[in-house]
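Please take a moment to look over the sequence and the model before reading on. The paragraphs that follow lead from one residue to the whole chain.

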Amino acid sequence: MTVFHFFNCAILTFGPHAVYYSATPLSEYDTLGASIKAAVVYLATALVKLICLATFLKVSESDSFDPYQEFLKALIGFIDVAGLYFALTQLTHRNISQNHKFQAVGLGWAFADSVLHRLAPLWVGARGLEFTWDYILQGLEANANLVLSISLAALGSLMWLRKNKPKTLIPIIYLSAGIVATMPSITSYLRRGLGWHFPKVVGFELFTSLVMAFISWQLFAACQRPSV
């Protein structure tokens, strides 16, 4: 039963990444290499963030919300944006279009995040004797993170790769990217500042990921239309 529960949670956590890759044109255009490169960039970015967090943040004795500490975390979190910029603009991707590039980068980014933050807790906890919903919720959270990562990659491609975008959409693109980039700080405030329980936070992340995916899709489609 414990092994069955572990595999169920693992499929829920990592399965959507494989489904997205195989069900979209990414598999047809052989973009696996681009996803792997993005995953490596994510791991390097995570190491830089870890060093910055250990250097500039103090260890808190309580789990209460500290605005100053959370502000520093939010600033350090923008290192992810720099890493995503590098993955989108500096890495060489073999003859794939902009549409496929941001999807491949976002997919690799989200998969690396899930492996780094959820694989070990899943392996240790989901094989326990007592059933808990926490790891199912972590799988749902990984799905929300997949959608948010692809949305941020799409917005990043509009900011850094799309030159002829409508000027009226530029503030909306940057605002949307800022919201997605600060989602970890937003959810931290909901948990610590407002006292939301984990299921409610995951529900918020799922809802927000769908909203931001819709906004990113509309912005991307609008920027692809020929200017009049």
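Is Thr31 buried or exposed? This is a predicted model, in which local features need pLDDT of at least 70 and side-chain atom pairs count only at pLDDT 80 or more, while totals for chains, interfaces and linings use all residues. Residues are numbered from 1 along each chain as its sequence is written, and side-chain values use heavy atoms, with hydrogens and water left out.

Thr31 is buried, because its relative accessible area is 1%, where buried means under 20%, exposed over 50% and partly exposed in between, for a 1.4 Å probe and protein chains only. Thr31 sits in the loop that lies between α1 (2-23) and α2 (32-56). Leaving aside residues up to four places away in sequence, Thr31 touches Tyr21, Leu26, Ile96, His100 and Ala104, a contact being heavy atoms within 4.5 Å.

From this loop the view can widen to the fold. The protein has 9 helices and 0 strands, so that from the N terminus on its elements run α-α-α-α-α-α-α-α-α; helices (H or I, at least four residues) and strands (E, at least two) are DSSP runs, numbered from the N terminus. In helix α3 (residues 67-77), the buried residues are Gln69, Glu70, Leu72, Ala74, Ile76 and Gly77, and the buried residues of α3 pack against α2, α4 (79-89) and α8 (183-193).

A record adds a further layer. UniProt, in an unreviewed entry, places the feature "transmembrane region" at residues 39-59, 71-92, 168-190 and 202-223, with positions given in the numbering used here, feature names shortened, and annotations that may be inferred rather than shown by experiment. In the model, residues 71-92 are 82% helix and 0% strand, with the end C-alpha atoms 34 Å apart, whereas residues 202-223 are 100% helix and 0% strand, with the end C-alpha atoms 31 Å apart.

Finally, consider the protein as a whole. Along its principal axes the C-alpha trace spans about 60 × 40 × 30 Å. The radius of gyration, taken over C-alpha atoms, is 18 Å, which agrees with the value near 17 Å for a compact globule because the protein has 228 residues, the globule rule being 2.2 Å times the number of residues to the power 0.38. Of the 228 residues, 46% count as buried, and among contacts between residues at least 6 apart in sequence, 80% join residues at least 24 apart.
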